[in-house]
Structure formats: structure tokens, C-alpha cells
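Student: I'm new to this one. Can you walk me through it?
Tutor: Sure. Have a look, then ask away.

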There are 2 protein chains.
Amino acid sequence: MTLAEQIHDFGRRARAAARIMRQLSAEQKNAGLLAMADEIIAAEPEILAANARDVEKARANGLSAAMIDRLLLNPKRLAAMADGVRQVAGLPDPVGEIIRDWTRPNGLHIQKKRVPIGVIGIIYESRPNVTADAAVLCAKTGNATILRGGSESIESNVAIAAALSRGGAKAGLPADAILLIPVTDREAVRVMCEMDQFLDCIVPRGGKGLIETVVRHARMPVIKHYDGICITYVSASADLAMARDILINAKCQRPSACNAVETVLIHAAIAEKFATTVLPALLEKGVQLRCDERAFSQASSLNSQLVVHANADDFRTEFLDYVLAMKIVDSLGEAIEHTETHGSHHSDCIITEDASEAERYLAEVDSATVYWNASSRLTHGGEICLGAEIGISTDKLHARGPMGLEELTTYKYVLRGTGQVRG
Amino acid sequence: MTLAEQIHDFGRRARAAARIMRQLSAEQKNAGLLAMADEIIAAEPEILAANARDVEKARANGLSAAMIDRLLLNPKRLAAMADGVRQVAGLPDPVGEIIRDWTRPNGLHIQKKRVPIGVIGIIYESRPNVTADAAVLCAKTGNATILRGGSESIESNVAIAAALSRGGAKAGLPADAILLIPVTDREAVRVMCEMDQFLDCIVPRGGKGLIETVVRHARMPVIKHYDGICITYVSASADLAMARDILINAKCQRPSACNAVETVLIHAAIAEKFATTVLPALLEKGVQLRCDERAFSQASSLNSQLVVHANADDFRTEFLDYVLAMKIVDSLGEAIEHTETHGSHHSDCIITEDASEAERYLAEVDSATVYWNASSRLTHGGEICLGAEIGISTDKLHARGPMGLEELTTYKYVLRGTGQVRG
């Protein structure tokens, strides 16, 4: 078989598995998930052996210590993986919900019913955890998955996917509900992107290069995450102690996250006070401040090497680091305008004690999540209470913002009649 | 300006208009729609003059009478177009709905709120009515639209779009909320498909060639309609008088529609009775029956030239004509299997008096709309009570089946806090 034939064969098998998966009850699926968790633990020796081979190859290829740490599995991390699977089993199942129910004047009874999507393709890089995280969320919602992970973690991925599939099968789930493509040719991505007869949607998880490739080739809907250029506006009416705490959290709690703040806008009326009360805390954390002219004139008084001049690109950049672009604005309108034109519509925030100002901001800023007096780091399925997330979408269709279990479903219309026809 | 620059300029203007549109109240948008309807009537002389030029060109190019009829506008059709716009003004506005509202243990208050999508691209062919239909549904839901119609109706489209834009502006809507690309170069489609910075989604309405082009090039989400291979299964427990009425309606009421039935499956136990009680009515309407071997042996007794042998392709074909593929099956399971593998998951139906059989069918057939004892022609926004539809989606993400006003919206999360941060 050629690679394409092999992947198409996966497609056919996944499609058949999806037909079985969508008929299963929540109890059957949850039993399958618990069996998967058990099998991850039972397969510890082979998963860790496979992972050791990946790590060895990574060392030989000179990958950084941080990259190797992301790759590394050990008994504790495997136990956490299994626990994560068990937690998903405990979440409510959205499938089968009657979203709406009504009867037409002609007696036709209509239900809009939540059902699984079908077969979901997941294309991801490096971390082997994604294999379990993504496959299990799809199985929970009655979908089949075709996974294609990165070459660094291929041996680990194969071992984890095999354990999940075997565990599910022990509890009566179709073994083909979780399939991992065991080769890492780039060609595999292109083949997956083109087989819209087998994949109902595709979720790329990784860097911009990967997402760009998928967007260019995919014939089926793609749910993706581009930039997280998150902007926080500190109004003239802000509580500056709160502003400090929120900005420290939004910038420093995990700078590499997509929902970390990248630009702070400060109203001119409080710029001086902001410089003396908030900026020292950021500098103390090692945050470099890239300032526009007016912000620089305030911040330079702090005499820190971390205070530098911004260039125009800095206000359109996702730093993912201890770097914050800083700009003084003269009005709420200017802050909104900047956010709409420079941000990525991901997670934006206003800090103010003025409710009418806040409501205008919340209404006019068109982002997936808009905050009043809270850290943009809260954009996460667990924090917003969707229970779990397979990613955060920067698209507007189907899933916007954190993508939880509900976003792994679609709906169908079920119509019960007594001979109704079109007039 | 090059064509690409010109279309990008449209993109920028539409984006700015969308920012205004999404802040308007339902009353403001409805006033805009009513003013658009008035302006269509006021602009009757120039719209009809433009249309006459399109018709003249169509005649010179030798278009068929049916095509010319689709193109033709007259005072009565324009009045109907204006009435259609007024009806949309009367529908409830889905924008602003609070889909969900909850408070987290940490006091963070979260709302999932329905908002407009933004800028929607509509690429369509021939009929000038689509210009008004599509633009008005988008405006109703607070979106801006960039329209790109077919070359046959370009003069009519330009005149109609200008009237809509002018009418809306008279009532305070931004003039750029409805923009029509006044050139018909194929290149325009490609430019639109690539400008994901300006278009949040694209809806192609037309033949397979157009849809294929858009799917191949689009970087933004596409909501599309491929095949309508709709299948009706007549069970052994069917009321055959009802089966006859439903099939006559589903096949003959408008054979060119995507929701017309293309294949009928008949349980073997009633095949003979079906042949004598239902088939004569279909033959009388001039429906050609393309029969598998067993169906042929039943239907051939009717001695009609319209009874012919089917080939395998007939069971995968959207005839859009007075043609029906016919096959005998031995079980409900076989009917479901055939429907799942040969149909297009659009609008499928079981006719039976046996409720348990019906419920199994409704659960196992994974189509946008599944019917028990009703005509698949009912798959339409107006009939299902979505009020209006911009099309019928054969995708599973965002919109599935009839795409109404709600499907022209997305949502955002609005989070109100008191200093909450991520732990």
C-alpha cells in the first residue's frame, strides 16, 4: 500500500468506528475511558520504553533541555495522564441533548438534537500528552479520531494510542475509534487534509507553520488557533493595585501561553501613577517594557535597563516571553480602536472601576473573550467551566475561544410526521 | 488600483462597516431593512434598465429560455423582492441573546453572548435575487457583506446592491455594509478566498465548479452545499397511500431542488404491492424509474418505457430531474447501510407505521435532517421555522442543514470580575 492508500484505509476504518461510537450511551463511553486509563497504567513498561527511544533520539539530535523535558514521560507523568482520562470520564456527556423541540402548525414535530461530529483529525507536534488528551475528548463525545503527531514523539505516541485503543476495546469500544498514523512523513498531513470523505473536521495543534500548511491544504473545516496578541487597557478609573495584580498574573504566570498579555494600554491621566505603582512590580519580575514615546518618558524615570523604546511591530507581536509592549492612550475610544486593529481578538481586558466604561468596552471589543477586571489567563476550558478543552479557537465559526466537549459535537434535525408534504 | 487592491479596499471598508453594524439595535437594523425595501421600489426604473441590458446580453449569448427567465426582473418580481426584505425585517433578531450565564466559585461572572460574525463573503451565480436575499439576511444579523455575483446578472446585481446600500444609508446604516464587487473576473473569487484578514467566512452558492474553486482556495471557513442525494425508505410496515403521497411530493413538487428524493428503497415484503399502488402514480407524473434487478422484475409488469435498469452510478447521482433510482432491500439494517454509504447526508426519510423501526432509523442515519413519515422537501428554513434561510449546509460544523439567521451569528464570552487571576 502507498502512504495515501494506508491513510485512506485509516479513514475508512475510522468512519466505520464512528458509526458505532455515535450510538453508544454515556455509560458505555465512560466505561471505555476508564478502561483506557487502566490500560495506560498497565502499559507503563512499553510506553516508557518507547518514550526512552524518543528521548534518546532527541538527545542525539541535540534538542534543547526544555524540548526534551516536554517529551519526557515517567511513572508520575503517566499516572497524571491516566488521571486526566478518568476526569474526562466524570464530565457530563453533551451528546443526545435536545437543543430545541417544537411542533409546526401542520403537526410536524421537530427536534434539534446534539450528535457527535463523526471523524476528527488531530495534527499536532512534540508533546506525547496530546495523544491521550485529544483522543479521549473525542471518544467522550462519541467521535472517532485519526491522530498524526510529530516525529519527535512518534514512538511514545504509537505506544499511547495502542494502549488507548486496546483499553477501549476491552470495554466494548471499537478499536478503530482511536487511530494514530505511525509514520511521520510530511506527505501524511497533505493526504489527511484532502480526504474530506473520511474526516469531518481537522484540528491542527502546533506552531504557525503547521497551521498554515493545514489551512492551505484542508478541504474540510479547520478549527485552529493563530495568534494570541492579548491586550489589557488600564483606564483612568482603574484600581491600580488591582491593575498590578492582574498584569503580573496575565504577563508572568505563564508567559508562553496564548492568553498571556502582550500589550498594555494606559490612560494618560494615570500614566505617572501607573509608572510608580505598577511598573516596579513588573520590572522586579524581569519583564522588559517596550514603550511608545509617551510611555517611555514616564517609565524611563525608573532607571531600568528593562525599559526600552518600542518599534511599531511590537504592538502586533505575540512575544510569549517576559516582554510587554506599553502605550499611552487618551481615551477609551482610542483603547478600543487599538485593540480592534492591533490585537488578535483572543482575550482582551479593561481594568476600571467605572461600570459604564466597562460595558462600552465589553460591547465594542469583538474578541472571543472580553474581560472586565480579571486576568486574560483565565481563558481556559477549566477556568471558564467547560470542564476540559481540546484547544482555544481564534476562528469565529463553530468554536470560538475555549473549545470544550460541546464544541466536539454538531446537531441534526429529527422530524416526525404523519404524512406532511411541502405545499 | 489593481483588482486585488480594489477588493482589499472593499475588505477594509466592509470591516469598518461591520464594527458599526454590530452595535446597532434590532430597531435600527429593521428600519434600515425597511428603507432598503422602499429603495428597491424607488429604484425600479434603473434596476429594470440594468436588468434589460443583462437579458439582452444573455439573448445575444444564446442562453436558454429557462436561464433567461431566472435572470429576468419585472415590476412584479421587484415588488416580491422588496416584500421579502420587509419579511426579514419582521423576524426576531438573534443578536444579543445571552446563550448562557453563570458565575464561577471565584465570583467571576460569565456570559456566552450571541454576536454577529463580522464580514461575510457571498459568491453566487446567475439569479439577481440572491443579491437582495443574502445581503439583507446578513444586515439583519448585524453583519457586513461583500457580494460577488455571476457575470450574467452583473448589471442587475450592481443596481440592486446600490439600492440596498443607499436605502440602508438613508436609515443610518453604514453604506459599506453591503458591497458588491462590480467586476466578474474569475480572479476576484481567488482574491476574496485568500483575504482572511477581511472576511470571517465565505458562503458559495452555485454549482459544483464554483464550490470546488472556493473550497480549494479559501483560507477562511466556508459554509457550503454539495450534493443532495436524498433517500427515502419504504418499510414493510409503511402506509402505502402515505408513501405514495410523500414520494410524489418529494420527487415531483420541484425536482431541481436539493431536497428532492433521488433514491427510493423498498422492503421486499411489500415490493409487489408498492409496484401496483405507488409506482403508477409516479409514472403518471412522468418519473423515470431506474431499477435494480429485483425492483425491475416488479416494476416491469407495469409495461412502461419509463421503467429501466439502473446502473451502479444511479444510486450515487443527484438527478435533479424526473428520475428516481429504485432498489429492493431485505431489512431496515440494509436500508440504513445503503443510506449511510450512498447518500449525501442531506435529507433522508423512513416511511413506516412501526415506531420502534422509525426510532432506530432516526438514531442511526447521520444526516442533517432525518424524517419519519414526511417529505424531504420540507428541509427549508421557512418550513422548519427558522424564518428564512441563506442556504442549506451539507457541512457539519457551525451550520448543518437549513442555515437561518442564528447561523449568521457567532458568540463571545463576556467575563466580569473583581480582580480574579489564574491560580
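Tutor: One term before we start: a residue is buried if 20 or more other C-beta atoms lie within 10 Å of its own. Also, this is a predicted model.

Student: OK. So how many residues of β13(A) are buried?
Tutor: Six of its six residues are buried, so β13(A) counts as mostly covered under that cut-off.

Student: What does Strand β12 of chain A do with β13(A)?
Tutor: β12(A), residues 347-351, pairs with β13(A) in the parallel sense. There are four bridges between them. In one of the bridges, Asp348(A) has Val370(A) as its partner in β13(A).

Student: And which strand of chain B pairs with β13(A)?
Tutor: That is β16(B). The two pair in the parallel sense over five bridges. Thr369(A) has Tyr413(B) as its bridge partner. Ala374(A) stands opposite Gln420(B).

Student: Tell me about β16(B). How many of its residues are buried?
Tutor: Nine of the 12 residues, in a strand that runs from 409 to 420. It is therefore largely enclosed by the rest of the structure.

Student: Which strand of chain B pairs with it?
Tutor: β2(B), residues 109-116, pairs with β16(B). The sense is antiparallel, over eight bridges. Among the partners, His109(B) is matched with Arg416(B) of β16(B).

Student: Switching topic. How many residues does each chain put into the contact?
Tutor: Chain A puts in 57 residues, and chain B puts in 57 residues.

Student: Which elements of chain B give two or more residues to that side?
Tutor: The elements are α10 (240-252), α15 (355-364), β13 (369-374), α16 (381-384) and β16 of chain B. β16(B) gives the most, with 11 residues.

Student: What classes of residue are on that side of chain B?
Tutor: The side that touches chain A has 25 nonpolar, 15 polar and 17 charged residues.

Student: How do the two chains relate? What rotation superposes chain B on chain A?
Tutor: A rotation of 180°, with 0.0 Å of shift along its axis. The RMSD is 0.0 Å. That is the relation of a two-fold axis. In chain B, His398(B) has the C-alpha nearest the axis, 2.0 Å from it.

Student: Why do you say the copies meet through the same surface?
Tutor: Because 100% of the interface residues of chain B are also interface residues in chain A.

Student: Now chain A as a whole. How many helices and strands?
Tutor: Chain A has 16 helices and 16 strands. Its radius of gyration is 24 Å, and the globule rule gives 22 Å for 423 residues. The values are close, so chain A is as compact as a globular protein of that length.

Student: What does the C-alpha trace span?
Tutor: About 70 × 70 × 35 Å along the principal axes of chain A.

Student: And what share of chain A counts as buried?
Tutor: 55% of the 423 residues. Here is another figure for chain A: take the contacts with a separation of 6 or more. Residues 24 or more positions apart account for 73% of them.

Student: Let's do a helix. What should α1 of chain A span?
Tutor: At 1.5 Å a residue, its 19 residues (3-21) should span 27 Å. The end C-alpha atoms are 26 Å apart, which agrees.

Student: Which residues of α1(A) are buried?
Tutor: They are Ile7(A), Phe10(A), Gly11(A), Ala14(A), Arg15(A), Ala17(A), Ala18(A) and Met21(A). An α-helix has 3.6 residues a turn, so residues three or four places apart point the same way.

Student: What covers those buried residues?
Tutor: The cover of α1(A) includes β2, β3, β4, β5 and α8 of chain A.

Student: Over in chain B, which residues of α8 are buried?
Tutor: In α8(B), residues 186-194, Val189(B), Val191(B), Met192(B) and Cys193(B) are buried. What covers them includes α1, β3, β4, β6 and α9 of chain B.

Student: One residue to finish. Is Phe10(B) buried or exposed?
Tutor: Phe10(B) is buried, with 27 other C-beta atoms within 10 Å. This residue is found in helix α1 of chain B.

Student: What is it in contact with?
Tutor: Leaving aside neighbours within four places in sequence, Phe10(B) is in contact with Ile146(B), Leu179(B) and Ile181(B). Phe10(B) and Thr145(B) are 135 residues apart in sequence, and 9.9 Å apart in space, C-alpha to C-alpha.

Notes. Residues numbered from 1 in each chain as written. Chains lettered and ligands numbered in written order. Predicted model: local features only at pLDDT ≥ 70, side-chain atom pairs only at ≥ 80, totals over all residues. Pairing = 2+ DSSP bridges. Contact = placed C-beta atoms within 7 Å. Nonpolar A, V, L, I, M, F, W, Y, C, P; charged D, E, K, R; others polar. Rg over C-alpha atoms; globule rule 2.2 N^0.38 Å. Least-squares fit on C-alpha atoms with pLDDT ≥ 70 in both. Expected span 1.5 Å × (residues − 1).
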